[in-house]
Every structure is written in C-alpha cells, then in structure tokens.
Amino acid sequence: MKKIILSFALSLALLFPTVALGAGTYKVVSGDTFVKIAAKNQVSITELIKANPQIKNPSLIKPGQTIYIPAKASETPAGVDAQVVKLVNQERAKYKLPALKSDSALARVSRFKSEDMRNKNYFSHTSPTYGSPFQMMKSFGISYRYAGENIAVGQTSAQAVMAAWMKSPGHKANILSKNFTYIGVGYAKGGSYGHYWTQQFISK
C-alpha cells in the first residue's frame, strides 16, 4: 500500500479567541454554513450532517432553520492515538526534551482532519473543507504561538507511522521541536489509503 507523509510548520505571534461550545440545537443566522456551524460547536462536518438528515442539501441552509448539534465524543486519547503520543514522547526523551501534553481540543481537530482526508479522498495539508491547518485551528478556537502539522497515509500502526515520520527530516523536526508544548493526534480508518494520520502541535 502506498505510504505518503508530509510536514508543515508555522510560527505565529497572534493568539486567536476561543469559540464557545454549542449543544443541543442551533438556529441558523445569516452568513452561516455547515462548516462554520460545525466549527462553532466543536463537531466535525460529517457528524453534523449525520445529525441532520432533514437537511437534504447542507449547502443550502436558511436563517431561522434549526440545526441539531450532536454530542461530542470523549476526547481522552485512546487506542492508536494514545500510542502515537507515547511514542512521540519516547523520541523526545532520547533528546532530553520535555514531554508534550495531550490537548483534547487539538486532538479533536486532528481527528476531524484525518476524517476529512478520508471522506474527501485527498492527501494534503490544505483541506477543501477547512483550509490550511492554521485556518482550521483558528476556526475551532485553538490559540497558539507556534503551530505545526504532520500527516501520513497508509501506515497500519502507530509504530509504523512514527517510524516513517522519524525517517523524514521535516516530520522529525516537528516531533522534536523545542517550540511545541502540546500535541493532538487523530486517526481515521477506511478510504482509498486505508489509514489516515494527523499530528498537530502547538505552544500556548
């Protein structure tokens, strides 16, 4: 199976405001889109569409419509996501670097990115749904001073994807960066590549 990896990092001096979380229902206002509503309420676009089967065309919503907001799944790292975080910190320990802390909001955004790559059948740091990693973080209310992203597809385990990232200078630089203090990992199974991985890094 073909395996592809990319890395990207950016330093920003700006902090973005936190977006308030929604719950239950949401009333559409002028200028809203499903993507904006999903970001405002910290859910993925896929989850939002599934929760609203009464909306036949998500691209055509009108002010005053009621949108149902699905409950958010637990963001505690589990399974392969937690394994990747553990492996990242093992690599950092070899270089006497402090461990990265898991950030639940960042993990959520990373999962949405992996799911979006799978669902939209693309492999790129720039999402047709959310834009660049930094635009996506901003949309979901992630504040940071530095930010970076690693993505990969095709690797079947946490160990395999970490080995691939550590062999790539750009990915390794993100994993071992002194600028980052928090990490979020998102994994999605299925799609044309079978396995989609996203690591996002920030410092606050």
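**Entry 1: Gln42**

I began with Gln42, which counts as buried at 4% relative accessibility. I found Gln42 in the loop between H1 and H2, and I noted that its phi is positive, about 60°, although Gln42 is not a glycine. Since this is a predicted model, I turned next to how confident the prediction is.

**Entry 2: Confidence and overall make-up**

I looked up the pLDDT and found that the protein chain averages 85, with 85% of the residues scoring at least 70. I marked two stretches where pLDDT stays under 50: residues 1-5, for which the model has 22 contacts beyond four places in sequence, and residues 8-22, for which the model has 44 such contacts. I reminded myself that, where pLDDT is low, the predicted coordinates should not be read in detail.

I then listed the secondary structure, and the protein chain has seven helices and seven strands, which follow the pattern β-β-α-α-β-α-β-α-α-β-α-α-β-β when read along the sequence. Of the 204 residues in the protein chain, 50% are buried. The chain exposes about 9800 Å², and carbon and sulfur atoms supply 57% of that area. I also looked at contacts with a separation of 6 or more, and residues 24 or more positions apart account for 70% of them.

**Entry 3: Helix H4**

Does the span of helix H4 agree or disagree with its number of residues? I took the 17 residues of H4, residues 104-120, for which a rise of 1.5 Å a residue gives an expected span of 24 Å, and the C-alpha atoms at the two ends are 24 Å apart, which agrees. I next checked burial, and because 13 of the 17 residues of H4 are buried, I wrote down that H4 is largely enclosed by the rest of the structure.

I looked at both ends of the helix. Asp103 caps the N-terminal end of H4, with a side-chain oxygen 3.1 Å from the backbone nitrogen of Ala105. After the helix comes Asn121, whose phi is positive, near 55°, although Asn121 is not a glycine. Asn121 lies in the loop between H4 and H5, and at 52% relative accessibility Asn121 counts as exposed.

**Entry 4: Ser110, inside H4**

I picked Ser110 from helix H4, and at 0% relative accessibility Ser110 counts as buried. Which backbone oxygen lies 3.1 Å from a polar atom of the side chain of Ser110? I traced it to Gly184. Leaving out residues up to four places away in sequence, Ser110 touches Gly184, Val185, Gly186, Thr198, Gln199 and Gln200.

**Entry 5: The aromatic rings**

I searched the whole structure for aromatic pairs and there are five. I followed the pair of Phe112 and Phe140, whose ring centres are 5.4 Å apart and whose planes stand at 50°, so the pair is tilted. Phe112 lies in helix H4 and Phe140 in the loop between H5 and strand S5 (146-153), so the pair ties together parts that are 28 residues apart in sequence. I checked both residues for burial, and Phe112 and Phe140 are each buried. I then noted that Phe112, Tyr130 and Phe140 form one aromatic cluster, which led me on to Tyr130.

**Entry 6: Tyr130**

I located Tyr130 in the loop between H4 and helix H5 (133-139). Is Tyr130 buried or exposed? With a relative accessible area of 7%, under the 20% limit, Tyr130 is buried. Not counting residues up to four places away in sequence, Tyr130 touches several residues, including Val35, Ser44, Ile45, Phe112 and Phe140. Tyr130 and Val35 are 95 residues apart in sequence, yet their C-alpha atoms are 7.5 Å apart in space. I also noted that the side chain of Tyr130 reaches the backbone nitrogen of Ile45 at 3.3 Å.

**Entry 7: Ser44**

I ended with Ser44, which lies in the loop between helix H1 (34-40) and helix H2 (45-50) and counts as buried at 2% relative accessibility. A polar atom of the Ser44 side chain lies 3.0 Å from the backbone nitrogen of Glu47. Not counting residues up to four places away in sequence, Ser44 touches Ala38, Phe112, Glu115 and Tyr130, and I recognised Phe112 and Tyr130 from the aromatic cluster. I lastly compared Ser44 with Pro70, which is 26 residues apart from it along the chain, and their C-alpha atoms are separated by 9.5 Å.

Technical notes:
Residues are numbered from 1 along each chain as its sequence is written. This is a predicted model: local features need pLDDT of at least 70, side-chain atom pairs count only at pLDDT 80 or more; totals for chains, interfaces and linings use all residues. Side-chain values use heavy atoms; hydrogens and water are left out. Helices (H or I, at least four residues) and strands (E, at least two) are DSSP runs, numbered from the N terminus. The expected span of a helix is 1.5 Å times one less than its number of residues. Buried means under 20% relative accessible area, exposed over 50%, partly exposed in between (1.4 Å probe, protein chains only). A polar contact is a pair of N or O atoms within 3.5 Å; within protein, one must be able to donate a hydrogen and the other to accept it, and residues adjacent in sequence count only if both atoms are side-chain atoms. Contact means heavy atoms within 4.5 Å. Accessible areas come from the Shrake-Rupley method with a 1.4 Å probe; for residues, only the protein chains shown count as cover. pLDDT is the predictor's confidence in each residue, from 0 to 100. Rings of Phe, Tyr and Trp (its six-membered ring) pair if their centres lie within 6.5 Å; planes under 30 degrees apart count as stacked, over 60 as edge-to-face and the rest as tilted.
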